[in-house]
Amino acid sequence: MGEPVDIEELGEFGLIERIKGSFRSRDRRLIQGIGDDTAAISTAGDKAILITTDLLLEGIHFDLRLNSAYYLGRKALAVNLSDIAAMGGIPQYFLLSLGVPRRYPVEFFNEFFRGLKELSRDYRVALIGGDTSASAGKLTISITVLGEAPRAQVVGRAGAAAGDQIFVTGTLGDSLLGLKILQDGGNPVHSLRRLPRVVRKHLDPRPRIKEGRLIAEKGLATAMIDLSDGLLADLSHLTREIGLGARLWREKLPLSNYYRRNILRFEKDRWNLALAGGEDYELLFTVAPAKVEPLKRLSSRFDCRLTHIGEVVEGKEDLKVVDKKGKPYKIDLHGYDHFRTQVIS
Ligand code: ADP
Ligand code: MG
């Protein structure tokens, strides 16, 4: 036996890789198993069922001093819907599991369910079951969402090719900037109306279901992912993981007006959060050159902006952010990994 290795050494992705390696499936209906935003299983009638689950742990994913139960209820479902969006699917049902500390105020759940119910109505997803238990530690919330897409339209993470163009919906870095503002103020959240937009984006992300579906329906993306861990980290799932690199055009990164005006109050570097900030829940996707014009036309139907931010290139280690003159911008960032801080490049 060798030295015992802590999970910290392995990292979140290392642990998932181990699980993936030891549970390979030969099931012929499985279109997508471990390693994508959702699993996809083909069913009768040329459809695929999409399934995804997410854990929300008090003290890790949320802090009730900075959040409210109402927004937590909305967000707990929203982050799962975002994974369905990233496959081009339509969410339909969800399961809710709770591990509840014995001394939790009932008022928390009234508010949590109010938020959860509102979002489930907005996106027409029905709660169909779950599990409830006492928790010896903190509050644990787990949501599993089921959705569907025509089988031929499911968009995975692994389809990009060199020469494909990289697009992103919405703006980047707002969610983490919003969190920093909340941490700075240190006040609990009562009314979102008085809070800056970026704070709203952090507390109440809107999954891009409509945009994901449009992109998938028209067959415009070769690969797609939702931005949960930050642009560079999530881009590496579309490129580095399949042996490709990317060029990102720094000046093209879509920044909100609020971000532009306020970022330097919180960060020394203007681009840091846009490149590495997590939880934006935008869609990042790659598009074959011939589909760029059709995509731009389609984007008039989006509820958010669409930005062409770069391109896929050959070479696994070749991920570069370049400035206006094409000069490489030194990336000095840390991606988010639950067990350790991982240097992206
Ligand atoms: P996302 O950020 O889109 O939710 P993750 O990075 O959490 O995706 O997970 C990547 C992939 O690994 C997904 O396909 C997910 O289902 C799978 N995965 C994560 N944790 C486990 C686990 N404990 N057992 C099996 N599969 C897992
Ligand atoms: Mg995802």
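Between which two helices is the loop that holds Glu267? Glu267 sits in the loop between helix H8 (257-266) and helix H9 (272-276), and the views below start there. The model is predicted: local features need pLDDT of at least 70, side-chain atom pairs count only at pLDDT 80 or more, and totals for chains, interfaces and linings use all residues. Residues are numbered from 1 along each chain as its sequence is written, chains are lettered from A and ligands numbered from 1 in the order in which they are written, and side-chain values use heavy atoms, with hydrogens and water left out.

**View 1. Glu267 in the loop between H8 and H9.** Helices (H or I, at least four residues) and strands (E, at least two) are DSSP runs, numbered from the N terminus. Glu267 has a relative accessibility of 15% and so counts as buried (buried means under 20% relative accessible area, exposed over 50%, partly exposed in between; 1.4 Å probe, protein chains only). Its side chain makes a polar contact of 3.3 Å with the side chain of Lys180. A polar contact is a pair of N or O atoms within 3.5 Å; within protein, one must be able to donate a hydrogen and the other to accept it, and residues adjacent in sequence count only if both atoms are side-chain atoms. Not counting residues up to four places away in sequence, Glu267 touches Lys180, Asn272 and Leu273, where contact means heavy atoms within 4.5 Å.

**View 2. The surroundings of ligand 1.** The residues around ligand 1 are Ile16, Ile19, Ile34, Gly35, Asp36, Asp37, Asp83, Arg157 and Ser228; a residue is listed if one of its heavy atoms lies within 4 Å of the ligand. A polar backbone atom of Asp36 is 2.8 Å from an oxygen atom of ligand 1. Two side chains also take part: a polar atom of Asp83 lies 3.0 Å from an oxygen atom of the ligand, and an N or O atom of Arg157 is 3.0 Å from an oxygen atom of the ligand. On its own, ligand 1 has 550 Å² of accessible area, of which the protein covers 64%. Accessible areas come from the Shrake-Rupley method with a 1.4 Å probe; for residues, only the protein chains shown count as cover.

**View 3. Helix H2 (69-86) and its residue Ala78.** The end C-alpha atoms of H2 are 26 Å apart, which agrees with the 26 Å that its 18 residues should span at 1.5 Å a residue. The expected span is 1.5 Å times one less than the number of residues. In H2, 18 of the 18 residues are buried, so the helix is largely enclosed by the rest of the structure. Ala78, at 3% relative accessibility, counts as buried. Leaving aside neighbours within four places in sequence, Ala78 is in contact with Leu119, Pro205 and Pro207. Pro207 is 129 residues from Ala78 along the chain, yet their C-alpha atoms are separated by 5.9 Å. After H2 comes Gly88, with a positive phi near 80 degrees.

**View 4. The buried and exposed sides of helix H3 (residues 106-122).** H3 has 17 residues and reaches 25 Å from its first C-alpha to its last, close to the 24 Å expected. Its buried residues are Phe108, Phe109, Phe112, Gly115, Leu116, Leu119 and Ser120. They cover an arc of only 135 degrees around the axis, which puts them on the same side of H3; the arc is that of the directions from the helix axis to the C-beta atoms. An α-helix has 3.6 residues a turn, so residues three or four places apart point the same way. The cover over the buried residues of H3 includes helix H2, strand E4 (90-101) and strand E6 (140-150). Exposed Val106, Arg121 and Asp122 are on the face turned away from the buried side. Just after H3, Arg124 takes a positive phi of about 55 degrees.

**View 5. Asp46 and Tyr281, two loop residues with positive phi.** Most residues other than glycine have a negative phi. Asp46 has a phi near 60 degrees and is placed in the loop between strand E2 (39-43) and strand E3 (47-57). At 54% relative accessibility, Asp46 counts as exposed. Tyr281, with a phi near 50 degrees, is found in the loop between H9 and strand E10 (283-287). Tyr281 counts as buried, at 8% relative accessibility.
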